[in-house]
Structures are given as structure tokens and as C-alpha cells.
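Biologist: I want the reasoning behind the labels. Show me the structure, and I will ask how each term was earned.

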Amino acid sequence: MARPLRYQTAGESHGPALVAIVDGLPSDVLIDVQRVDHELARRQGGYGRGARQRLETDVVEFLGGLRLGRTIGSPVALRIANKDSRIDDLAKTPPVTRPRPGHADLAGSLKYLVPDCRGTLERASARETAARVAAGAVARSVLDAFGIRVFGFVRGACDAWCDVDVRGETLDALIAARDAGEVYCPDATTDAKLVELIHRAKTEKDTVGGWCEVHVLGCPPGLGSCMNWDDRLDARLAFAVMGIQAFKAVEIGLGRECGERFGSAVHDPIVFDANARGETHFGFARPSNNAGGLEGGMTNGMPVVVRGTMKPISTLLRGMPSVEFGTHEPAQSAYERSDVSAVAAASVVMENAVAFEIARAFLDKFAGDSMHEVRAAYDTYCVAARLI
Ligand code: EPS
């Protein structure tokens with residue numbers, strides 16, 4: 001019985017380690033450990049990160065599920081050590097009693113009935129996303145085997161916006177341009193503007209968020225389902241992206257702009273191009289992709305396009321109006337070592353979170369205990385779909 005792909009993480013920001021268990025991978029998936037480490041390193045980078053990243057060197061250690069670099073069908077267990085591990089020593093420092101607006105501090109203290117925000121913030125911290133990136137990077141090894149590519153980048157922030165078009169033919173150049181940028185934006189001019197913006201926020205003891213975008217190229221049609229609301233792939237993607245710390249909005253394709261146009265200017269015409277039968281849309285080409293590759297909660301063979309909005313980091317060096325627990329007197333919120341912007345890192349988290357959901361939907365459709373069976377199911381489907 002093929003099990004659904006899922007994962008769970010555990011670990012606190014200053015605990016000994018972050019861990020993840022990825023369950024539901026078929027056997028014989030080749031796991032590229034270097035790629036997992038590469039994604040972890042990218043997540044640590046980007047202009048605007050704080051001092052913590054100079055302390056950590058995130059590398060993955062596999063504790064179960066692999067033999068000779070390949071899955072054996074059992075849960076894959078992984079660990080990323082925290083060098084800045086001092087969760088118990090932090091108990092000796094003064095309690096955090098002036099909750100930061102925007103952070104989990106207040107809601108967490110009220111939820112767990114603790115007047116020290118530290119307990120909640122340790123788990124709410126975006127440090128946890130290291131485990132999520134590793135889980136996504138593991139799961140996308142399945143996508144690699146089918147030529148499905150996932151590309152995440154920073155689209156902009158405030159008044160900086162890059163107009164770059166993501167297409168298969170230019171993907172390698174875009175990846176190189178993104179990786180050369182300081183804020184993971186493939187357009188050098190916008191990247192420089194973002195650096196300037198983050199620098200300005202830093203000087204003003206403030207923070208800045210932005211927009212991250214992920215494109216998935218090479219997805220076959222039919223991933224996801226229109227049959228039940230919680231099987232719709234757009235819903236699953238939105239859930240996964242909203243689950244990333246600090247994300248406040250998700251759009252698919254044209255997204256919120258759909259509300260500004262009539263239907264004829266939103267829906268993507270369908271044309272048949274016999275010369276394009278080898279493409280993932282099997283010849284049912286779309287001159288535009290406003291749907292972001294998803295119709296009826298299912299992939300349609302066009303690239304999947306997801307955009308997420310990250311709010312600015314809630315720890316401001318200059319603080320925000322807050323209240324002291326106990327006395328209820330007004331007070332500036334507490335300052336904890338933090339980042340001015342983590343939007344570049346968030347684009348890596350989102351890329352891998354989206355990859356995980358695509359891999360999950362792929363394995364739901366082409367389920368099998370081994371990659372051999374998954375491959376056979378995929379090939380059979382492709383033959384049948386070409387007859388439509
Ligand atoms: C975070 C606060 C900072 C960030 C952290 C997220 O941690 P610290 O308090 O140790 O300086 O650096 O992000 C990471 C550690 C990371 O690896 O992304 C927060 O409060 O969310």
C-alpha cells in the first residue's frame with residue numbers, strides 16, 4: 001500500500017536540533033544530499049539576515065529511510081543541528097514580557113497561559129523552516145526523476161518589482177541570475193533596489209517583507225482533484241504557503257488581479273497545436289497562463305505559478321507600541337536578535353514547500369510502492385492522455 005506523502009517537523013530555534021520525518025516516499029528514490037545542503041545554504045543567505053546566520057552552518061544528517069543514498073520505502077528521518085543551542089540557558093535571562101506586535105508572542109502567551117513569551121517564540125521562530133526546506137528538498141527528488149523543475153525567487157518588495165518572465169528556455173539563465181543576486185531576484189536592477197530598500201529599513205531600525213514567487217515547470221495535467229475541496233491542489237498549495245512563518249497572502253496565477261477584469265480577459269484560451277503534443281499539455285496549448293497552471297483544483301499542463309506575500313519581520317530594533325505583562329503599562333516591544341529582511345530566505349522555503357506539495361500530488365496520482373511502479377503509472381497515463 002503506497003502511503004500518502006507527508007512530513008512533520010520538530011525542534012526549537014535554540015534547541016539542540018531541528019528534525020523532520022518524511023513519510024510516503026516510494027523505494028528507490030535517489031536522494032541528492034548535496035542538493036539538500038545547497039538548499040539549506042541558500043535559505044541561510046540573502047541580504048538583510050541577522051547575526052544568527054554567521055553562527056550556523058546548516059547541513060542535513062539522515063537518520064533513517066535511506067540505504068546507499070536511495071529510499072527503501074520507510075520514513076526518511078533527518079536532522080539539522082543548531083550550533084546556537086542554549087534553550088535552557090535562555091531561562092536564566094530575563095523573561096520576554098513585552099510582546100512584539102506581529103509575532104506569536106501575545107497570542108502564544110494567552111494560548112498557553114505563560115507570561116514569558118520565550119516558550120512560544122522558540123517554536124514560532126522561522127528557524128524551523130530549515131527542517132521544512134530539507135523535507136521539501138528530499139521530496140523533490142521524485143520530481144527530478146520526471147524532469148519537473150521548481151524555481152523560486154523574490155519578485156519584489158514595496159515599490160521594487162521585477163517584470164521577468166519565467167519560461168523553460170530561459171530557466172537556467174534565470175537560476176544563475178537569481179543566485180548571483182543578493183536578494184534572490186533574477187533582475188539585477190530590482191535586486192539592487194531591494195538591497196537599497198533593506199539597507200534603508202535597517203538604518204531606520206525597521207524591517208521589510210516582500211513577494212516570493214514559485215514556478216513549477218514540467219508538471220503533467222491532472223495533479224490534484226476537483227472532487228473534494230481539500231484535494232484541490234490550489235487549496236493545498238495555499239495551505240502550504242500560508243503555513244510558512246510571516247506569510248499573509250497567497251495568489252495563484254493572476255491571483256487578486258482576477259477581480260479587476262472581465263472573464264474574457266482572465267480565462268486562458270485553449271488552442272490545439274499538434275506540433276506540441278510532446279509538451280506537458282499534450283498539445284492543448286494556452287497562449288496565456290492567468291490560471292497559473294491550475295483549473296478546477298487540477299494541473300492543466302501549464303506551469304504552476306504561486307505567489308506569496310511575506311509581511312515584514314515583526315522584531316523591530318526600534319520596537320513597536322506594546323504592553324508589559326503583569327502591570328499592563330504601555331511599553332515598547334522587546335527586541336530579540338533578528339533579521340531586517342528574510343524575504344530571500346522565504347523564497348527558498350516557499351520553493352521547497354511548493355515542491356513538496358507537487359510531489360505529494362504527483363505520488364497521489366501515480367502511486368506505487370517503488371519508483372518502478374510510479375514510472376509505469378506515469379508512462380501509462382501519458383500514452384492514454386495523448387488520445388484525448
Ligand atoms: C527569528 C529570530 C532570529 C532569526 C531566526 C528567526 O533568531 P535568533 O533569535 O537566534 O537570532 O535568526 O531565524 C533563524 C534562526 C533561521 O535560521 O532562519 C524569529 O524570531 O523568528
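Biologist: What makes Glu-295 count as buried, partly exposed or exposed?

Modeller: This is a predicted model, so take every value as computed from it. Glu-295 has 32% relative accessibility. Buried means under 20% and exposed means over 50%. The value falls in between, so Glu-295 counts as partly exposed.

Biologist: Why is the pair of Glu-295 and Arg-286 called a salt bridge?

Modeller: The closest N and O atoms of Glu-295 and Arg-286 are 2.9 Å apart. The cut-off is within 4 Å, so the pair qualifies. The structure holds 38 salt bridges.

Biologist: Is Arg-286 buried or exposed, and how do you know?

Modeller: Arg-286 is at 12% relative accessibility. Buried means under 20%, therefore Arg-286 counts as buried.

Biologist: What joins Asp-84 and Arg-86?

Modeller: A salt bridge, with the closest N and O atoms 2.7 Å apart. Asp-84 has a relative accessible area of 11%, under the 20% limit, so Asp-84 is buried. Arg-86 is at 28%, between the two limits, so Arg-86 is partly exposed.

Biologist: Which residues form one network with these two?

Modeller: Salt bridges that share partners join Asp-84 and Arg-86 with Arg-43, Arg-52, Glu-56, Asp-58, Arg-127 and Arg-337.

Biologist: How do you know that Glu-257 and Arg-261 are partly exposed?

Modeller: Glu-257 has a relative accessible area of 32%. For Arg-261 the value is 33%. Both values lie between 20% and 50%, so both residues are partly exposed. These two also form a salt bridge, with the closest N and O atoms 2.8 Å apart.

Biologist: Now an acid in a helix. What makes Glu-39 buried or exposed?

Modeller: Glu-39 lies in helix α1, residues 33-44. Its relative accessibility is 4%. That is under 20%, so Glu-39 counts as buried. Beyond its sequence neighbours up to four places away, Glu-39 touches Val-133, Ala-137, Arg-140, Val-348, Glu-351 and Asn-352.

Biologist: Where is Thr-207?

Modeller: In the loop between α7 (188-203) and β9 (210-217).

Biologist: Why is Thr-207 called buried?

Modeller: Its relative accessible area is 10%, under the 20% limit, so the label buried holds. Setting aside residues up to four places away in sequence, Thr-207 touches residues including Pro-312, Ile-313, Asp-339 and Val-340.

Biologist: What makes the pair of Thr-207 and Ile-313 a polar contact?

Modeller: A polar atom of the Thr-207 side chain lies 2.7 Å from the backbone oxygen of Ile-313. The limit is within 3.5 Å, so the distance fits.

Biologist: What counts against calling Phe-272 buried?

Modeller: Phe-272, in strand β11 (residues 271-272), is at 45% relative accessibility. Buried needs under 20% and exposed needs over 50%, so Phe-272 is partly exposed. Phe-272 forms a nonpolar surface patch with Ile-270, Phe-284 and Ile-388. Together they have about 440 Å² of accessible area.

Biologist: Which residues touch the most other members of the largest nonpolar core?

Modeller: Leu-237, Met-350, Ile-358 and Phe-362, in a core of 85 residues. Helix α9 (residues 343-365) gives the most to this core, with 15 residues. A second, separate core has 5 residues, including Val-96, Cys-117, Leu-121 and Phe-325.

Biologist: What does Phe-362 touch?

Modeller: Among its contacts over four places away in sequence are Val-142, Phe-146, Pro-220 and Tyr-378.

Terms used: Residues are numbered from 1 along each chain as its sequence is written. This is a predicted model: local features need pLDDT of at least 70, side-chain atom pairs count only at pLDDT 80 or more; totals for chains, interfaces and linings use all residues. Side-chain values use heavy atoms; hydrogens and water are left out. A nonpolar core is a set of buried Ala, Val, Leu, Ile, Met, Phe, Trp, Tyr and Cys residues joined through side-chain atoms within 4.5 Å. Buried means under 20% relative accessible area, exposed over 50%, partly exposed in between (1.4 Å probe, protein chains only). Helices (H or I, at least four residues) and strands (E, at least two) are DSSP runs, numbered from the N terminus. Contact means heavy atoms within 4.5 Å. Patches are made of residues with over 30% relative accessible area and no salt bridge: like charges are joined within 9 Å, nonpolar side chains (Val, Leu, Ile, Met, Phe, Trp, Tyr) within 5 Å. Accessible areas come from the Shrake-Rupley method with a 1.4 Å probe; for residues, only the protein chains shown count as cover. A salt bridge is a side-chain nitrogen of Lys or Arg within 4 Å of a carboxyl oxygen of Asp or Glu. A polar contact is a pair of N or O atoms within 3.5 Å; within protein, one must be able to donate a hydrogen and the other to accept it, and residues adjacent in sequence count only if both atoms are side-chain atoms.
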